[in-house]
Amino acid sequence: MIKAQKKNQINRSLIRRLILGGKEDNRISRQELIRLAKLNPRTVDSYTDELEKLGIITCQNVVNGQGRPEKYYLSTNEGIMFLGVYQWKTMLYFMISDVGINPMYLERFELDMGNDVSGQLEAICEAVKKALDSNKTYRLAGLGMVFHPYETTVQEKIFFQSLARRLEQQYQVPIRKLDACNAMLLSVFRSHSMLHAEYNGRALNLGLINPSDRIYLGLMLNGMPQEYRERINSVDKQLLEGIFTHREIAAQFDGSSIKTAYDYRLAVYTDDKAAQEVSVLEAVKLSAGIKRLKQHYSLDKIFLINVTPNTMKNLLKLTAEDPELSGFPIESLKEFSPTDYLKSSCDLAVQMIYGNFLYKFLTD
C-alpha cells in the first residue's frame, strides 16, 4: 500500500490541479470537485480549507434557484504563466502557457550549429523576453525544458544546456529539465492518474512500452511515476526479451528495400506482404513481453507508443485469445508531436509549483 504521506501528496496535487487548471470560467463547484477527485467530502473540504488559508484559492456561495447555495472555488493566481522549451536536433520550440497548460504563445527556431551559435542563443533569449513582456498581467512562475536525445550531436546538447543556464539566470524561477522519454512518460501517467486516481481502492500500477532505438520501459507503481529505464536492468531485460527495437525490425528485411523503421511503417500501410508478416511477429513478441510485465509488476494497464495500427490490431487479437491477457487493458498512444512535448515541458514547470507545494513562492 502507498504510504499515507505520499497518498496525501497525490490528493493535494490532484485537488490543486482540478481547481486551478483549464476551466473557462476559472472556477469549480464543491460537488464537481468531489466527483472528479473521487475523494470523500471531508478530504476535499480539508484540502480546500488549507488552500484557502494559504491564499491560493477563494470560496464563494452561489444561489442556483431554490435550495441551499452551492459552494464554488476560484483561483487567486490567474496571472501566473509557465515557460516550456523543447529541442530535437536543430529544431527548438518554446511555449508560454497558463496553469491549465493552455498555450498563450508559441515560437519555433531552426538552429545552425556551424554558424554564430552565441548569436542564436541571444536571439532566442530575446524572443522569450519579448513574448513574456507582452503578457504584462502575468508573471513567470516556472520553467520546464525537454531535450530529445535521439540522433542528436554533442553540439546540440551543449546548446540546450547553455540555453537552460541563460534562462535560469535571467528569470530566477524554479527549473526542471528532462529527456523526451521521461517527459512523455510523466505526461501520460499524470493525465491518466488524474482521471483514475485509484483502482479497486488502491493506487494504480501502470506500464508504458516504447520500442524505439532501444526498448524503453516506464512504470507507475503504487501511484508514483518512475523514470524510464532502458533495457539494462537484468530483471527488466528478461521481461522485455524479444520485443523488437527499430533496428531489429529493419533486420527482418535483410536485402530488401526496407532498411529503417520508417520504411517498415510505409510498407505496412501499403499492405506489403513481408511487412504484414513482420507485423504479426512483432505483435507476438509484444504479447509475450506484456504478459511477463503484467505478472511481475501486477499492472492494471499498459500503454504502447511507436507501434503501428496494424501491429496493435494483431496484438489485441492475440491477447483476446490468451486467458491470462483477455480483458487486460492495452492502449496504443499517438506519437508525441513538438506541441505535445511543449505541453509536457510546461506541465513540468506547473508540477514543480503545484505538485511540490511551493506555497511561499505563490503567496509572496
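This is a short talk through the fold, the cores, one sheet and some salt bridges of a predicted model.

Hi everyone, thanks for coming. Please keep in mind throughout that we are looking at a prediction. Let me start with the overall picture. The chain has 364 residues, and 48% of them are buried. Along it you can find 13 helices and 15 strands. If you take the contacts between residues at least 6 apart in sequence, 65% of those join residues at least 24 apart. As for the outside, the chain exposes about 18,400 Å², with carbon and sulfur atoms supplying 49% of that area.

Now let's go inside. Which residues have the most contacts within the largest nonpolar core? They are Val188, Phe189 and Leu208, in a core of 36 residues. Several elements give two or more residues to this core: the strands β4 (80-88), β5 (91-97), β7 (139-148), β11 (206-211) and β12 (215-221), together with the helices α6 (180-195) and α12 (338-355). The top contributor is α6, with 8 residues.

If you'd like one residue to click on, try Phe189. Leaving out residues up to four places away in sequence, Phe189 touches Leu206, Gly207 and Leu208, then Gly218, Leu219 and Met220, and also Pro225 and Phe303. Apart from this core there is another one, made of 27 residues, and its members include Ile96, Leu143, Phe160 and Tyr171.

Next, please turn to a sheet. Here we have an open sheet of 3 strands, in the order β1-β3-β2, and the pairing is antiparallel. Why does one side of β1 and of β2 have no neighbour in the sheet? Both β1 (27-29) and β2 (57-62) are edge strands with a single partner each, so one side of each stays unpaired within the sheet. From one strand to the next, the twist averages 30 degrees.

Looking closer, β1 pairs with β3 (residues 70-75) over 3 bridges in the antiparallel sense. Ile28, for instance, has Tyr73 in β3 as its bridge partner. Two helices pack on this sheet. Helix α2 touches β1 and β3, and its direction makes about 85 degrees with that of β1. Helix α3 touches β2 and β3, with about 115 degrees between its direction and that of β2.

Those two helices bring me to the charged pairs. How many salt bridges does a search of the whole structure find? The search finds 8, and I'll show you three. In one of them, the side chains of Arg30 and Asp45 meet at 2.8 Å, N to O. Arg30 sits in α2 (residues 30-37) and Asp45 in α3 (residues 41-53), so this pair, 15 residues apart, links distant parts of the chain. Asp45 is partly exposed, at a relative accessible area of 22%.

Another pair is Asp213 with Arg214, whose side chains meet at 3.3 Å, N to O. Asp213 is partly exposed at 33% relative accessibility, and Arg214 is partly exposed at 38%.

My last pair is Asp340 and Lys334, with their closest N and O atoms 2.6 Å apart. Is Asp340 buried or exposed? Its relative accessible area is 17%, and buried means under 20%, so Asp340 counts as buried. Lys334, at 57% relative accessibility, counts as exposed. This salt bridge therefore joins a buried residue to an exposed one.

That's my tour, and I'm happy to go back to any part of it.

Terms used: Residues numbered from 1 in each chain as written. Predicted model: local features only at pLDDT ≥ 70, side-chain atom pairs only at ≥ 80, totals over all residues. Heavy atoms only, no water. Core = buried A, V, L, I, M, F, W, Y, C linked by side-chain atoms within 4.5 Å. Buried < 20%, exposed > 50% of the residue type's maximum accessible area, 1.4 Å probe, protein only. Helix = DSSP H or I, 4+ residues; strand = E, 2+ residues; numbered from the N terminus. Contact = heavy atoms within 4.5 Å. Salt bridge = Lys/Arg side-chain N within 4 Å of Asp/Glu carboxyl O. Pairing = 2+ DSSP bridges. Axes fitted to C-alpha atoms, helices over the stretch in contact; angles between N-to-C directions. Areas by Shrake-Rupley, 256 points an atom, 1.4 Å probe, with all protein chains shown as cover.
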